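Me: I am new to this structure and would be grateful for a close look at a single part of it. Please treat that part at length and relate it to its surroundings.

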Amino acid sequence: SPQQLGEVLFEKLSLPFMKKTKKRTGYSTDVDVLTELASRHEMPALILRHRTLSKLKSTYADALIEMMNPETERVHTSYNQTVTATGRLSSSNPNLQNIPIKTDEGKEIRSAFIPQKEWHLLSADYSQIELRILAHCSDDEILIKAFSEDEDIHMRTATEVFQVFPEFITPELRRQAKIINFSIIYGMGAFSLSKELGISQKMAQTYIDNYFARYKGVKAFIDRTKKEAFENKKSATLLGRIRLLTDIDSSNKIVRAAAERIAVNTPIQGTAADLIKVAMINIDRAIDERGLKTAMLLSVHDELVFEVPPDELDAVSQLVKDIMEGVWNLKVPLKVNISSGRNWAEAH
């Protein structure tokens with residue numbers, strides 16, 4: 001139990017005590033605490049590993065077999081239109097959007113998802129759609145130039161923030177720049193960024209300051225969006241979907257800051273959610289008009305998954321790419337990565 005685990009970690013092994021449980025009745029052994037302790041002892045790392053595998057086993061390996069429809073011999077997820085505040089579709093019973101994609105175990109589970117015999121699974125994935133929408137909304141010259149010339153945006157940010165030439169950018173610096181890019185979208189401050197990168201708050205603040213010093217359009221967009229949200233008590237996507245922000249003028253700093261983050265994030269993440277839905281509608285219509293056998297199966301964040309017969313693979317790949325990339329007229333091109341395979345892991 002968590003209580004027993006706390007006793008082992010903090011009393012028997014004498015690891016440094018981090019924080020108490022929410023009810024303050026015992027030691028907290030949540031993921032943040034264990035991650036922090038993993039660098040000091042092997043046991044917290046093993047516990048994290050065990051939790052990950054246990055969740056994968058119970059949520060997918062065991063549960064998916066039970067969820068198979070006896071008539072179709074398939075798993076049928078349910079999509080919910082109004083669960084997420086951002087407007088994205090959410091998946092339930094089973095949730096097929098949370099299968100880890102970067103781990104070997106996640107890939108193993110994805111490889112169990114197969115199309116009907118001889119057919120292919122096709123994946124169409126928007127590349128960095130939120131950063132492209134940020135470039136459009138902010139009208140930032142550097143971002144627009146980078147995307148228009150198909151630069152590696154994380155490499156570009158690394159050169160701007162760390163102030164080094166491209167040839168000196170290591171994979172680790174690029175990884176940090178990627179985190180910084182997305183931290184800006186989600187309104188992450190120096191404290192959260194320092195934890196994410198494992199650096200001091202002072203250094204994290206320096207990175208944020210360097211970012212805004214170079215990407216002046218992004219800073220202006222964030223300031224403008226917060227001001228408009230404060231005045232109008234709402235924020236909106238590019239397509240006009242509104243999110244009310246009644247707490248934007250709260251006297252509570254934490255509540256107000258959360259509302260400000262939502263105000264900035266809504267035109268970005270909310271627009272990405274809108275665009276993929278419009279693309280789904282347009283693709284469905286095009287498949288129907290052409291009398292194709294292809295079926296659209298899944299929507300997973302910025303990815304659409306299709307089941308395609310062999311003779312339609314080339315045509316559908318091009319059709320889906322054209323429709324998704326042309327779904328909206330932004331100041332920078334939308335880019336879609338297309339791949340296919342005999343299972344979902346191969347197709348990703």
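Which residues line the largest cavity? Please begin there and continue to the elements that adjoin the subject.

Reply: The model under discussion is a predicted one. Its largest cavity is lined by G87, R88, L89, Q97, A273, I276, K277, S299 and H301. About 50 Å³ of space lies inside this cavity. With the threshold set at 30 Å³ or more, the count of cavities comes to one. By character, the lining divides into three nonpolar, four polar and two charged residues. Helix α12, which covers residues 253-289, gives the most to this lining, with three residues.

Two further names in the lining, S299 and H301, lead to a pair of strands. Strand β6 comprises residues 295-300 and strand β7 comprises residues 303-308; the two run antiparallel and are joined by five bridges. Together they form a hairpin with two residues between them. S299 has L304 of β7 as its bridge partner, while V300 stands opposite E303 in β7.

H301 belongs to the turn of this hairpin, in the loop between β6 and β7. Its phi is near 60°, a positive value in a residue other than glycine. H301 has a relative accessible area of 39%, and it is therefore classed as partly exposed. This residue thus has a place both in the lining of the largest cavity and in the turn of the hairpin.

The strand that follows the turn deserves attention of its own. Six of the six residues of β7 are buried, so this strand is largely enclosed by the rest of the structure. Its side chains are divided between two directions: E303, V305 and E307 point one way, whereas L304, F306 and V308 point the other way, and all are buried. The two glutamates named here, E303 and E307, are thus among the buried residues of the strand.

Besides its pairing with β6, strand β7 also pairs with strand β3, residues 120-126, in the antiparallel sense over six bridges. Within this second pairing, L122 has F306 of β7 as its bridge partner. Strand β7 accordingly has pairings with β6 and with β3.

Strand β3 also contains S123. With a relative accessibility of 2%, S123 counts as buried, because buried means under 20%. Leaving aside its neighbours within four places in sequence, S123 is in contact with E303, L304, N337, I338, S339, A347 and H348. Among these partners, E303 and L304 are residues of β7 that point in opposite ways from the strand. L304 is also the bridge partner of S299, a residue of the cavity lining, and E303 is the residue opposite V300.

S123 can also be set against a residue elsewhere in the chain. S123 and D139 are 16 residues apart in sequence, yet their C-alpha atoms are 30 Å apart in space. D139 lies in the loop between α5, residues 129-138, and α6, residues 141-148. Like H301, whose phi is positive although it is not a glycine, D139 has a positive phi, here of about 55°. At 45% relative accessibility, D139 counts as partly exposed.

Another local feature of the backbone occurs at N93 and P94. A cis peptide bond joins these two residues, with omega about 0°. P94 is found in the loop between β2, residues 90-92, and α4, residues 104-110.

Finally, the part examined here may be placed within the whole. The secondary structure of the protein comes to 13 helices and eight strands. Along the principal axes, the C-alpha trace spans about 65 × 50 × 45 Å. The radius of gyration is 23 Å, which agrees with the value near 20 Å that a compact globule of 348 residues would have. Of the 348 residues, 42% are buried. Among contacts between residues at least 6 apart in sequence, 57% join residues at least 24 apart.

Conventions
Residues numbered from 1 in each chain as written. Predicted model: local features only at pLDDT ≥ 70, side-chain atom pairs only at ≥ 80, totals over all residues. Heavy atoms only, no water. 1 Å grid on protein atoms, 1.4 Å probe; cavity = no way out; pocket = protein on both sides within 12 Å on 5 of 7 lines; lining within 4 Å. Points joined across faces, edges and corners; volume = space filled by probe spheres on them. Helix = DSSP H or I, 4+ residues; strand = E, 2+ residues; numbered from the N terminus. Nonpolar A, V, L, I, M, F, W, Y, C, P; charged D, E, K, R; others polar. Pairing = 2+ DSSP bridges. Rg over C-alpha atoms; globule rule 2.2 N^0.38 Å. Buried < 20%, exposed > 50% of the residue type's maximum accessible area, 1.4 Å probe, protein only. Contact = heavy atoms within 4.5 Å.
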